[in-house]
Amino acid sequence: MPDANSSILALQSGDIDMVPGVSEQGAMQLGDGYSIVSGPQNMVQLMALNNSVKPLDDVRVRQAINFAIDKNVIIQTVADGNGTPLGSNMSPAMKMYYQEGLESRYEPNIEQAKSLLKEAGYENGFDLTITVPSNYQFHVDTAQVISEQLKQVGIRAALKQIEWSSWLEDVYNNAKYEATIIGLTGKLDPNEVLGRYESSYAKNFYKFSNSEFDDLVGQARTELDEKARADLYKQAQELLTDQAVAVFIMDPGRNVAMKKSLKGFKMYPVQKYDFAPMYFTEE
């Protein structure tokens with residue numbers, strides 16, 4: 001059912017028992033007669049910054065951009081309030097490996113942002129192009145909010161919408177961009193998440209290169225002790241945040257709606273569903 005409203009109507013009519021993706025408006029439309037299970041979906045929406053182009057090659061500029069952006073406003077306006085603010089490229093859905101506290105590292109601070117820009121030599125701001133895949137309205141809407149927020153510190157952001165195929169070729173494959181907004185699917189292996197930022201990674205479209213980060217991820221990859229491995233990945237997350245490699249925005253929440261008589265559903269940090277433990281009760 002490609003139409004979200006059709007899914008809601010089918011659930012209400014009893015034609016189907018469960019809808020694995022419901023918007024906040026859809027959940028409100030269903031009301032109290034249905035069970036709604038919500039949680040982070042292990043996705044990272046971020047505004048990636050090309051660390052190899054001026055002025056984004058200056059960490060102070062990247063930090064200033066982070067201070068200028070209010071993630072909670074984006075979550076409220078774009079995600080209808082259903083999103084978890086992030087501070088690095090890891091969702092709290094990955095409980096063991098997630099480093100808490102990074103989401104508040106760059107609390108919105110316009111004066112701090114302006115100070116960093118002045119220190120970096122951009123007191124009057126600069127022009128920035130945000131490239132967005134046009135088929136993802138969620139990211140387009142996010143880019144529009146960010147564009148308005150950046151105006152407060154003198155950064156003049158222009159939106160450039162391109163087709164998905166062009167995004168994959170120009171941005172993801174060849175890093176021909178300044179800033180872009182995308183959602184990175186989470187993985188169950190933290191190496192597949194944080195390894196995207198290694199200098200040697202072929203699709204490192206952020207053009208982030210940091211030997212300390214490479215060492216941390218390299219050590220974690222071969223560490224057999226689970227806790228020590230998790231600690232190394234947490235240090236790597238700290239470094240990504242400190243270096244302001246990107247603006248890590250949110251993990252958009254996922255709502256699963258079902259009949260109240262359907263029990264045993266469990267949310268996993270991947271979009272897979274285990275129906276084996278699920279069962280019906282008499283209504």
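In the predicted model described here, Asp 189 is in contact with Met 94 and Arg 229, when its neighbours within four places in sequence are left aside. Asp 189 is placed in the loop between E7 and H8, and, with a relative accessibility of 28%, Asp 189 counts as partly exposed because this value falls between the limit for buried residues, under 20%, and that for exposed residues, over 50%. The contact with Met 94 brings together two residues that are 95 residues apart in sequence, with a C-alpha to C-alpha distance of 9.2 Å in space. The contact with Arg 229 includes a polar contact of 3.2 Å between the side chain of Asp 189 and the side chain of Arg 229. The side chain of Asp 189 also reaches the backbone nitrogen of Asn 191, at a distance of 2.9 Å.

A second aspartate, Asp 58, is found in the loop between strand E3 (43–49) and helix H3 (59–68). Its relative accessible area is 16%, and Asp 58 is therefore classed as buried, the limit for that class being under 20%. The side chain of Asp 58 is joined to the side chain of Arg 60 by a polar contact of 2.8 Å.

Another loop residue, Asn 89, lies between strand E4 (83–85) and helix H5 (110–119). With a relative accessible area of 1%, Asn 89 is buried, because the value is under 20%. When residues up to four places away in sequence are not counted, Asn 89 touches Val 44, Leu 46, Leu 184, Val 193, Leu 194, Arg 196, Tyr 197, Tyr 206, Leu 240 and Phe 248. One of these residues, Tyr 197, makes a polar contact with Asn 89, in which the two side chains are joined at 2.5 Å.

Asn 89 also belongs to the lining of the largest cavity, where it is accompanied by Asn 42, Val 44, Met 90, Ser 91, Leu 184, Thr 185, Gly 186, Val 193 and Arg 196. The structure holds one cavity of 30 Å³ or more, and the space in the largest cavity amounts to about 30 Å³. Divided by class, the residues that line the largest cavity are four nonpolar, five polar and one charged.

Strand E8 was examined next. Of the 14 residues of E8, 13 are buried, so the strand is largely enclosed by the rest of the structure. Several strands pair with E8. Strand E1 (residues 18–19) does so in the antiparallel sense over two bridges, and Met 18 has Met 258 of E8 as its bridge partner. Strand E2 (residues 34–40) also runs antiparallel to E8, to which it is joined by seven bridges, and in this pairing Gly 39 stands opposite Arg 254 of E8. The pairing of E3 with E8 is antiparallel as well and extends over four bridges; here Leu 46 has Phe 248 of E8 as its bridge partner, and both of these residues are among those that Asn 89 touches. Strand E4 pairs with E8 in the antiparallel sense over three bridges, with Pro 85 standing opposite Met 250 of E8.

Residues of E8 also take part in the lining of the largest pocket, which has a volume of about 860 Å³. Among the 39 residues that line the largest pocket, those closest to its centre are Met 43, Tyr 136, His 139, Gly 183 and Pro 252. At least two residues of the lining are supplied by each of helix H4 (71–78), helix H6 (137–151), helix H7 (164–173), strand E7 (179–185), helix H8 (190–194) and strand E8 (246–259). By class, the lining of the largest pocket has 16 nonpolar, 13 polar and 10 charged residues.

The second largest pocket holds about 230 Å³ of space, and it is lined by Ala 4, Asn 5, Ser 7, Ile 8, Val 19, Pro 20, Gly 21, Val 22, Ser 23, Gln 25, Gly 26 and Gln 29. The elements that give two or more residues to this lining are helix H1 (4–13) and helix H2 (24–30), and H1 gives the most, with four residues. The lining of the second largest pocket divides into five nonpolar and seven polar residues, with no charged residues.

Terms used
Residues are numbered from 1 along each chain as its sequence is written. This is a predicted model: local features need pLDDT of at least 70, side-chain atom pairs count only at pLDDT 80 or more; totals for chains, interfaces and linings use all residues. Side-chain values use heavy atoms; hydrogens and water are left out. On a 1 Å grid over the protein atoms alone, a cavity is a set of points where a 1.4 Å probe fits but cannot get out, and a pocket is an open set with protein on both sides within 12 Å along at least five of seven lines; lining residues have an atom within 4 Å of a point. Grid points are joined across faces, edges and corners, and a volume is the space filled by probe spheres set on the points. Ala, Val, Leu, Ile, Met, Phe, Trp, Tyr, Cys and Pro count as nonpolar, Asp, Glu, Lys and Arg as charged, and the others, Gly among them, as polar. Buried means under 20% relative accessible area, exposed over 50%, partly exposed in between (1.4 Å probe, protein chains only). A polar contact is a pair of N or O atoms within 3.5 Å; within protein, one must be able to donate a hydrogen and the other to accept it, and residues adjacent in sequence count only if both atoms are side-chain atoms. Contact means heavy atoms within 4.5 Å. Two strands pair if DSSP finds at least two bridges between them.
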